[in-house]
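Q: I'd love a close look at one part of this protein, with a little of its surroundings for context. Could you walk me through it?

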Amino acid sequence: NSYQAQIWLMERISRSKFYTSDPEKADYFLLPFWDLAMTGSGSLGVNAIHNNIQYIREHWPYWDRYNGGKHMVILPDDQGACDLGTSLPQLANTTFIQINGLKVNNGRSRGVTNPCYVPKKDLIIPPPFGHRLGPTHELVNRPFKKIAENSTGQTRDKLLFFAGTVALPGMAAYSGGTRDLVVSHYLNDSMFHLVDIKKKPMSFEDYALGYLSAKFCLAPSGLGWGIRTFLAIFYECIPVIIQENVEMPYEEYLEWSAFSIRLENKDVPSLKEKLMGISSSKYEEYQTSLKCVWSRFQWTSIFGAFRSEAEHLERPDAFSTMMEILSRRARGGEVEKVDSCTKQPALDPLPSDLCEFPCAPGIPSPLQTVPEYMPP
């Protein structure tokens, strides 16, 4: 899962064409830190990182040469850099590779108020959520194949779908209040398919079919980042992202407005009117862009392919997109947006013997042992 990114992402980098063992040739230095989810929260995790930095400074000149710049740390847990607070000022120039893109914390993450993410310094990556489903699960073998063949058998007759935990007792800041706000406004509206899974448990297949039967899918945050953004992309349901002050993965590079809708909590009372006001031609544009961009959110070159078409294996995946951004940053200047519907090869080609998931060349994956996963 995402918490193990230090393992599978570092392994992927080390066997890519980007890796060098000569530090004088390096654009970046990837530090093999375990993040706070592994080392413990609070002072235990902070002290572990502090000790690692001291060790690096004692043995190599590069940290001091660049004042901590050109160094990268993978922080893939829910809170990302939020947990670091201001207790590690020596990391001010260090790039965090993480999943949480919250730019203005406002105390939403465990009461910490420092930003979890600094644009153009840090890099937000997508989670490897799809690989937790298991290699033989019906949800993988049937809907994904039918999506690729444009024959899902499902009519997108619902306006918007959401299923998950709506609220947590004693935690008013959960999801920024978005889930509760949407459900309170539209629970009884027949055009909305909204399910509070704490009150009405849902089968995993019905959950997937919910994404396949709606035109738009609500993509709120949870305690940290929001997995439903990527589930919607996975099922080619237009994400309606209500996550204020949150940057999406690769947003500096991908034109998110071409395949998703960004709103705020203040827009919820008029959400139905806004969605119904989108013309059929505009909706088709969203769908076309979504079909072009989905591969950039899948870690295909690490875990294997979900879709069998050969041309999809040649398209940039999440790893290739990450390296495109880092490469452009290393050259200096602004990272220009890319048109995802313009065909371009992956920077680091996928293995020629890449098989359908769960084939993961060279990487034993504990993710394959998890048969089902229902996001909270």
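Which residues in helix 7 are buried?

A: Happy to take you through this predicted model. The buried residues of helix 7 are Phe204, Tyr207, Ala208, Leu209, Gly210, Tyr211 and Leu212. Helix 7 spans residues 204-212, and because seven of its nine residues are buried, the rest of the structure largely encloses this helix. At the N-terminal end, helix 7 is capped by Ser203, with a side-chain oxygen 3.1 Å from the backbone nitrogen of Asp206.

Now for the wider setting, starting with the nonpolar packing. The largest nonpolar core has 80 residues, and those touching the most other members are Leu9, Trp299 and Met322. Leaving aside residues up to four places away in sequence, Leu9 is in contact with Ile74, Ile97, Ile125, Trp299, Phe319 and Met322. Separate from this is a second core of 13 residues, with Leu31, Ile49, Leu88 and Phe96 among them.

The largest pocket is worth a visit too. Its volume is about 840 Å³, and 31 residues line it, with Thr20, Ala26, Tyr28, Phe29 and Leu30 nearest the centre. Two or more lining residues come from each of helix 1 (5-14), strand 1 (29-31), helix 3 (43-59), strand 2 (71-75) and helix 13 (318-330). Helix 1 gives the largest share, five residues. Sorted by class, the lining of this pocket holds 21 nonpolar, six polar and four charged residues.

Technical notes: Residues numbered from 1 in each chain as written. Predicted model: local features only at pLDDT ≥ 70, side-chain atom pairs only at ≥ 80, totals over all residues. Heavy atoms only, no water. 1 Å grid on protein atoms, 1.4 Å probe; cavity = no way out; pocket = protein on both sides within 12 Å on 5 of 7 lines; lining within 4 Å. Points joined across faces, edges and corners; volume = space filled by probe spheres on them. Helix = DSSP H or I, 4+ residues; strand = E, 2+ residues; numbered from the N terminus. Nonpolar A, V, L, I, M, F, W, Y, C, P; charged D, E, K, R; others polar. Buried < 20%, exposed > 50% of the residue type's maximum accessible area, 1.4 Å probe, protein only. Polar contact = N/O pair within 3.5 Å; in protein donor to acceptor, adjacent residues only side chain to side chain. Core = buried A, V, L, I, M, F, W, Y, C linked by side-chain atoms within 4.5 Å. Contact = heavy atoms within 4.5 Å.
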